[in-house]
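Me: I would like to take a close look at a single part of this protein and see how it fits into its surroundings. Please give one connected account, in formal language that a first-year student can follow.

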Amino acid sequence: MIRLLIGNVYIRTLFVAIVLVNVAYAKPVTKTHSDTMGEQRKIMLAVDHVLDANREFVNRHSKHYFLPFIKGQTPKATVLGCADSRVHSHAIDPHPDGDLFFVRNIGNQLVPVRGSIEYGVRHLHTPLLLVLGHTMCGAVRAAMQDYSEMSPAIKTELDNLHVPHGDPDNAALVLDSVEHNVDHQIDEAKSFFADELNQQKLIIIGAVYDFRNDYHQGYGRLVITNINGSNDEGKIKEYLGFSGKKSLKDAFIKK
Ligand SMILES: [Zn+2]
């Protein structure tokens, strides 16, 4: 879906071209036999990919691997992340099985998944809520433009992003909008989890997963941009310093 959003302008241009061709020739578009065969092949490849992977997974894992999961789950963090397939859960946890209560949608929006996030924080008692944006997010890029021609379902979700309009091909502007969206989602989360924050049972961290090295801090870096609603570098360092852990002190903080 994200790839579709990224290519939206191109797809819309192509769509207009196809419509014009159709009007010119006054003929309905019909799929050729080879089109249908190509689509069926893509479907079968996708199904095979999933089933083959599961077969290998079953072969690689004994009963002992599953025993802790059968007892229940005690994830370390609730993560609100983008559905983009390039946001790798193993980038923030080498063995994410059972560790992350990962909730995803386009543009990491809180509103449509508030119940799931509440379940992670209030029922599974994760002490960390991580709002995870990422560089060149297709949903953010779509929301930076006029998206009124999108389907009602997608429009409704993009309405939750609240990013300023601008050129979606300008990497610096997109990065600002990605951070802006993370901040906005954290503002929503802060009012929803005000009690947990006041009681210091929860910390909300906003970060951008940088698989393009846009921040020049290394490919795949997690860049921390917000803690409990604050973008202030000093405050973020102060929060992270409380843990006393080297890994957190060395985390890259957006300046
Ligand atoms: Zn995204």
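Me: Which residue in β5 stands opposite D210, and how is the strand β4 placed among its neighbours?

Reply: The residue opposite D210 is R221 in β5. This is a predicted model, and the description below should be read with that in mind. A second facing pair between the strands is formed by G206 and N226, the latter lying in β5. Both pairs belong to the pairing of strand β4, residues 203-210, with strand β5, residues 221-227. These two strands run in the antiparallel sense, and six bridges connect them.

Strand β4 also pairs with β3, and here the direction is parallel, with seven bridges joining the two. The bridge partner of V131 in β4 is G206, the residue that also stands opposite N226 in β5. In general, the strands of a sheet pair through backbone hydrogen bonds, in either a parallel or an antiparallel manner.

The wider setting is an open sheet of six strands, arranged in the order β2-β1-β3-β4-β5-β6 with mixed pairing. Its edge strands are β2 (100-105) and β6 (252-253), each of which pairs on one side only. Helix α5, residues 114-123, packs on this sheet and touches β1 (77-82), β2 and β3 (128-134). The direction of α5 makes an angle of about 155 degrees with that of β1.

Why is β4 described as largely enclosed by the rest of the structure? Seven of its eight residues are buried, so β4 is largely enclosed. A residue counts as buried here if 20 or more other C-beta atoms lie within 10 Å of its own. Helix α3 (residues 33-60) offers a contrast: none of its 28 residues is buried, so α3 lies largely in the open. The same reasoning applies to helix α4 (residues 63-71), where the number of buried residues is zero among nine, so α4 also lies largely in the open. For the protein chain as a whole, 28% of the 255 residues count as buried.

The neighbouring strand β3 leads on to the nonpolar interior. The largest nonpolar core has 45 residues, and those with the most contacts inside it are V79, L129, V131, A139 and V140. Helix α8 (residues 171-192) gives the most to this core, with six residues. Beyond its neighbours within four places in sequence, L129 is in contact with several residues, including L80, I117, A189, L202 and I204.

After β3, the chain passes through a loop that leads to α6 (138-143), and M136 lies in this loop. M136 counts as buried because it has 20 C-beta neighbours inside 10 Å. Residues up to four places away in sequence being left out, M136 touches V174 and R212. M136 and F211 are 75 residues apart in sequence, yet their C-alpha atoms are 9.1 Å apart in space. Links across the sequence also appear in the contacts of the protein chain: of those with a separation of 6 or more, 62% join residues 24 or more positions apart.

Terms used
Residues numbered from 1 in each chain as written. Predicted model: local features only at pLDDT ≥ 70, side-chain atom pairs only at ≥ 80, totals over all residues. Buried ≥ 20, exposed ≤ 12 C-beta atoms within 10 Å, placed from the backbone. Contact = placed C-beta atoms within 7 Å. Helix = DSSP H or I, 4+ residues; strand = E, 2+ residues; numbered from the N terminus. Pairing = 2+ DSSP bridges. Axes fitted to C-alpha atoms, helices over the stretch in contact; angles between N-to-C directions. Core = buried A, V, L, I, M, F, W, Y, C linked by C-beta atoms within 7 Å.
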